[in-house]
Amino acid sequence: MTDVTADFFRGLARRKDDCRLTALHEGSVRFDITRDGQVDHWLVSIAKGDITVSEQATGGDAVVRADRAVFDRIASGEAYFLTTVLRGEATVEGSPRLFATVRRLFPPPPGSREARRRGGDGG
């Protein structure tokens, strides 16, 4: 069985550099992902487009909290990060500027304009 969330963070770590994130001089976001009373922590640090990822329970200039099922949907592109936050399915604390940048890490949901722009829905 695949682990969508772990695969997402491992993919970020392999990506290393993302030109869409160069506007962010430096910042980090800790993701606290809950499932069955357990919390997995992932710290994503960005510095001028360079991405590093670690499993770390402390730190972060901002924090995203979500249930594992919700985050799996975000990580797979089935749900849009900002929409889940607006619905209260995920919570964020910290710099709005950092979240505006971090949302670019996630795939766009199928059928969205961004997915079509990236060629993600076959149309």
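Which residues are linked with Arg-68 in a network of salt bridges? In this predicted model, the network joins Asp-3, Asp-40, Arg-68 and Asp-72. Side chains of opposite charge can pair when their charged atoms come close. A search of the whole structure finds eight salt bridges, and a few of them serve well as a path through the fold.

We can begin inside the network, where Arg-68 forms a salt bridge with Asp-40, and the closest N and O atoms of the two are 3.2 Å apart. Arg-68 lies in helix α2, which covers residues 68-76, while Asp-40 belongs to strand β2, residues 38-47, so this pair ties together parts that are 28 residues apart in sequence. The two partners do not have the same surroundings: Arg-68 counts as buried because its relative accessibility is 4%, a value under the 20% limit for that word, whereas Asp-40, with a relative accessible area of 32%, is partly exposed.

A second salt bridge joins Arg-65 to Glu-93, with the closest N and O atoms 2.8 Å apart. Here the link runs between two strands that are distant parts of the chain, since Arg-65 is in β4 (residues 62-67) and Glu-93 is in β5 (residues 90-93), with their positions 28 residues apart in the sequence. Both residues are partly exposed, Arg-65 with a relative accessible area of 31% and Glu-93 with a relative accessibility of 45%.

A third pair brings us back to helix α2, for the side chains of Arg-73 and Glu-89 meet in a salt bridge with a distance of 3.2 Å from N to O. Arg-73 is a residue of α2 and Glu-89 sits in the loop between α3 (81-86) and β5, so the bridge ties together parts that are 16 residues apart in sequence. Arg-73 is partly exposed at 28% relative accessibility, and Glu-89 is likewise partly exposed, with a relative accessible area of 31%.

Helix α2 deserves a closer look. Which of its residues are buried? They are Arg-68, Val-70, Phe-71, Ile-74 and Ala-75. These residues cover an arc of only 155° around the axis, which means that they are on the same side of α2. A general property of helices helps in reading this pattern: an α-helix has 3.6 residues a turn, so residues three or four places apart point the same way. The cover over the buried residues of α2 includes α1 (4-15), β1 (27-35), β2, β4 and α3, a list in which both helices and strands appear.

The two ends of α2 can be described as well. At the N-terminal end, Asp-67 acts as a cap, with a side-chain oxygen that lies 3.0 Å from the backbone nitrogen of Ala-69. After the helix comes Gly-77, whose phi is positive, near 90°. A positive phi is also found at Asp-36, where the angle is about 50° although this residue is not a glycine. Asp-36 is located in the loop between β1 and β2, and with a relative accessibility of 76% it counts as exposed.

From that loop we can turn to the two strands on either side of it, taking one serine from each. Ser-28 has its place in strand β1 and counts as buried, at 12% relative accessibility. When its neighbours within four places in sequence are left aside, Ser-28 is in contact with Leu-43, Val-44, Ser-45, Gly-60, Asp-61, Ala-62 and Leu-98. One of these contacts, Ser-45, is the second serine, and its place is in strand β2. Is Ser-45 buried or partly exposed? At 24% relative accessibility, Ser-45 counts as partly exposed. Not counting residues up to four places away in sequence, Ser-45 touches Gly-27, Ser-28, Asp-50, Ile-51 and Thr-52. The C-alpha atoms of Ser-45 and Gly-60 are separated by 8.0 Å, and these two residues are 15 residues apart along the chain.

The walk ends at the surface, where Tyr-80, Leu-82 and Leu-86 make a nonpolar patch of about 300 Å². Leu-82, one of the residues of this patch, is found in helix α3 and is partly exposed, with a relative accessible area of 39%. Helix α3 thus appears in two settings, because it is among the elements that cover the buried residues of α2 and it also holds Leu-82.

Terms used: Residues numbered from 1 in each chain as written. Predicted model: local features only at pLDDT ≥ 70, side-chain atom pairs only at ≥ 80, totals over all residues. Heavy atoms only, no water. Salt bridge = Lys/Arg side-chain N within 4 Å of Asp/Glu carboxyl O. Helix = DSSP H or I, 4+ residues; strand = E, 2+ residues; numbered from the N terminus. Buried < 20%, exposed > 50% of the residue type's maximum accessible area, 1.4 Å probe, protein only. Arc of directions from axis to C-beta. Contact = heavy atoms within 4.5 Å. Polar contact = N/O pair within 3.5 Å; in protein donor to acceptor, adjacent residues only side chain to side chain. Patch = residues over 30% accessible without salt bridge, like charges linked within 9 Å, V, L, I, M, F, W, Y side chains within 5 Å. Areas by Shrake-Rupley, 256 points an atom, 1.4 Å probe, with all protein chains shown as cover.
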